[in-house]
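I opened a fresh page for this one. My plan is to go from the overall fold down to single side chains.

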Amino acid sequence: MSLHLDENAVRANAADIAGRAAKRKSRKIWAFAAVGTLMATGAAYAAVQLFSYGTISQDAATMKELNLTEAKLTGSLVPGQTVGGSVKVANPNDFPVKVTAVILKDASLQATGQGCDPATVSPGGSVAAYPAGGAGHKIVLAAPVTINANGGPVTVTVPGAVSQAGTATGLCAVSADFAVEASVGS
């Protein structure tokens, strides 16, 4: 048996095999190109950010005065004694406040009554300016009293508000203007 190869047949067969290999390679390249395009599109899509713009505006809270009621001395003022005071405080604000002190207005301190010597009555605390003008005496609370937003009334006790000298020979009724000092926050 002899094997005879036709050179043209061999070339045709080689060209056929090369064509099929080229088609497979071409399909692979197209497949990779398509996957690469999809991935690139996905990457580009993920990198795109959208923004919308607006404006926010809010006026500052309006501070309202605290509501004070039922102010009184916590005991009878007698010669040689010091008495405290108390006041109920309500907070009409949208935020909590912390009451820290009470300030008595010196010019408003009145001591009256039969046999009363006004010179024997004095305010407690230390000298301070009265917030509405004039001199006063500031009595700092031992511990601040927090009143919640829109809260109260809460009783605030003021130690050592007024005293009467031991040399006094008469009992005195007392009245005075005062201010409550508070700070914002709980």
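How many helices and strands does the chain have? I looked this up before anything else and found 1 helix and 10 strands. A reminder to myself: this is a predicted model.

**Entry: order of the elements**

I walked along the chain from the N terminus. The order I wrote down is α-β-β-β-β-β-β-β-β-β-β, with the helix ahead of the strands.

**Entry: surface and contacts**

Next I checked burial. The chain has 186 residues, and 24% of them count as buried. For the exposed area I noted about 12,800 Å², with carbon and sulfur atoms supplying 58% of that surface.

Then I turned to contacts between residues at least 6 apart in sequence. Of these, 76% join residues at least 24 apart.

**Entry: salt bridges**

How many salt bridges does a search of the whole structure find? My search came back with 2, and I took them one by one. As a friendly note for the margin, side chains of opposite charge can pair when their charged atoms come close.

One of the pairs is K88 with E70, whose side chains meet at 3.8 Å, N to O. I traced both partners: K88 lies in strand β2 (residues 82-91) and E70 in strand β1 (residues 67-73), so the pair links parts of the chain 18 residues apart. I also asked how open K88 is to its surroundings. With a relative accessible area of 27%, K88 is partly exposed, because that class runs between the 20% and 50% cut-offs.

K138 and E181 form a salt bridge too, at 3.0 Å, N to O. Here the link runs from strand β7 (residues 135-147), which holds K138, to strand β10 (residues 178-184), which holds E181, and the two residues are 43 apart. Both ends are partly exposed: K138 has 25% relative accessibility, and E181 has a relative accessible area of 28%.

**Entry: S86**

I went back to strand β2, where S86 also has its place. Is S86 buried or exposed? I have S86 down as buried, because its relative accessible area is 12% and the cut-off for buried is under 20%.

Which residues does S86 touch, leaving out those up to four places away in sequence? My list has E70, A71, K72 and T74, along with T155, V156 and T157. I recognised E70 from the earlier entry, where its side chain meets K88 in a salt bridge.

Definitions and conventions
Residues are numbered from 1 along each chain as its sequence is written. This is a predicted model: local features need pLDDT of at least 70, side-chain atom pairs count only at pLDDT 80 or more; totals for chains, interfaces and linings use all residues. Side-chain values use heavy atoms; hydrogens and water are left out. Helices (H or I, at least four residues) and strands (E, at least two) are DSSP runs, numbered from the N terminus. Buried means under 20% relative accessible area, exposed over 50%, partly exposed in between (1.4 Å probe, protein chains only). Contact means heavy atoms within 4.5 Å. Accessible areas come from the Shrake-Rupley method with a 1.4 Å probe; for residues, only the protein chains shown count as cover. A salt bridge is a side-chain nitrogen of Lys or Arg within 4 Å of a carboxyl oxygen of Asp or Glu.
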